[in-house]
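Me: Please take a close look at the surroundings of the ligand and describe them in one connected account.

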Amino acid sequence: EEVTHGDQQGRGVSSQGKRCEPKTDIVFLKVHKSASSTVMNILFRFGETHNLTFAFPNGGGNQLFYPRHFLASFVQGFSPWSPQRFNILCHHMRFLQPEVQKVVSSSAVYFSILRNPVQLMESSFVYYKGTSAFSRARSLEEFLSQPYHYYNPANSDSHYAKNLMTFDFGFNPDGEVTAERVQLMLNIIEASFDLLLISEYFDESMVLLKEMLCWDLDSIVSFPLNIRDSSTKSPLPDTIVEKIKDWNRLDWEIYIYFNRTFWERIDRDIGRERMQQEVKALRDRQAELARTCLQGTGSVAPKDIKDSSLRPLQHGNAKILGYNLKQGLHKEMEHTCRRLVTPELQYSSILYKKQFAQKQPQTHQPSPEQTGQTP
Ligand SMILES: Nc1ncnc2c1ncn2[C@@H]1O[C@H](COP(=O)(O)OS(=O)(=O)O)[C@@H](OP(=O)(O)O)[C@H]1O
């Protein structure tokens, strides 16, 4: 029996025919610049459809007081004296497991997504061009030619420039690279997370996620979000690639290790042949949705996005693309399509308002720093 859809009651049926319950308690570590906004959109849609609660930052900002290490008290509605737990924790945070455990169920599934540190750094150099380490360097090449001229680990925004994944997982990005440190870090990540996805294999990652969460195909479809216009991407000569790897050595070790376990997991749980079929089904469904939902063939420049509520945040030197919806869609389909292309900040704010609809509006406006508004 090959079934990919859940039944009417929302009971999941895994693609190998084994019955399972869809998982609804989830922690997603939203590692920066690793396709994490696309994953977050998937979680937002699932949470909205199934009326789940989110662990929102206090005051409704879009980050959990990043870059500080996560604290349960950052979450709106958390109280050490009440047993309230939230279904989904997915806003940007610097991971700290004992604190995370206070806001979610003990049976929550933990996952994250990694990206090749070379492309990750090329992306963050453009997106975080305004931060102290990058602002004075004219190019990534220039930065890497004498990084310590530009990079000062004491600056509060320095983490965007070195071992960003290591930092987001909660570790010290400036730690000396020893075999012991690397091993310890990998062990801790492996012990804390049930699944590490790889953004270079995004579709395979979504299939693995679907299996682990016992979700159906339509729950894991997406259109790529937070993507950059190619005019703000720069090619990387081999010499630069090697420098980026050396500079981000801890990230590189994390990436190499979990890239290997990713494929081992596929071989163990799914097999390459079935993975290929599942990926094809996912791509076919996404292509169908793109034909139904989108004007033209796909993403467009921010200036060409007609509906301002669908315009993604522009940051640094990056030009972030978005989508235009087809006109005249049937109401329900319009909603499905709209949610697929709603950028992170707008979607988060819609869900926050819904979750706290009964609450009195706040009497004071928290400062951007309090709400963690900076990306
Ligand atoms: N589906 C899919 N597959 C592969 N790559 C994807 C996908 N969706 C987004 N992206 C790329 O991820 C980069 C944005 O990452 P984030 O959303 O994590 O950035 S952020 O930290 O939340 O700002 C950004 O990378 P760059 O374009 O290199 O900047 C996106 O293009």
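Reply: The account below treats the ligand shell, its polar contacts and its helices in turn.

The model is predicted, with local features requiring pLDDT of at least 70 and side-chain atom pairs counted only at pLDDT 80 or more, whereas totals for chains, interfaces and linings use all residues. Residues are numbered from 1 along each chain as its sequence is written, and side-chain values use heavy atoms, with hydrogens and water left out.

The ligand is surrounded by 22 residues, a residue being included if one of its heavy atoms lies within 4 Å of the ligand. K30, S36, S37, S123 and R228 are the closest of these. By class, the shell comprises eight nonpolar, nine polar and five charged residues; here Ala, Val, Leu, Ile, Met, Phe, Trp, Tyr, Cys and Pro count as nonpolar, Asp, Glu, Lys and Arg as charged, and the others, Gly among them, as polar.

Several side chains make polar contacts with the ligand (pairs of N or O atoms within 3.5 Å). A polar side-chain atom of S36 lies 2.6 Å from a ligand oxygen atom, and for S37 a side-chain N or O atom is 2.6 Å from an oxygen atom of the ligand. For K233, the corresponding distance to a ligand oxygen atom is 3.5 Å. On its own the ligand has 650 Å² of accessible area, of which the protein covers 88% (Shrake-Rupley method, 1.4 Å probe).

Helix 1 (36-49) and helix 3 (117-127) each supply at least two shell residues, helices being DSSP runs of H or I with at least four residues, numbered from the N terminus. Helix 1 gives the most to the shell, with three residues.

Notes. Polar contact = N/O pair within 3.5 Å; in protein donor to acceptor, adjacent residues only side chain to side chain.
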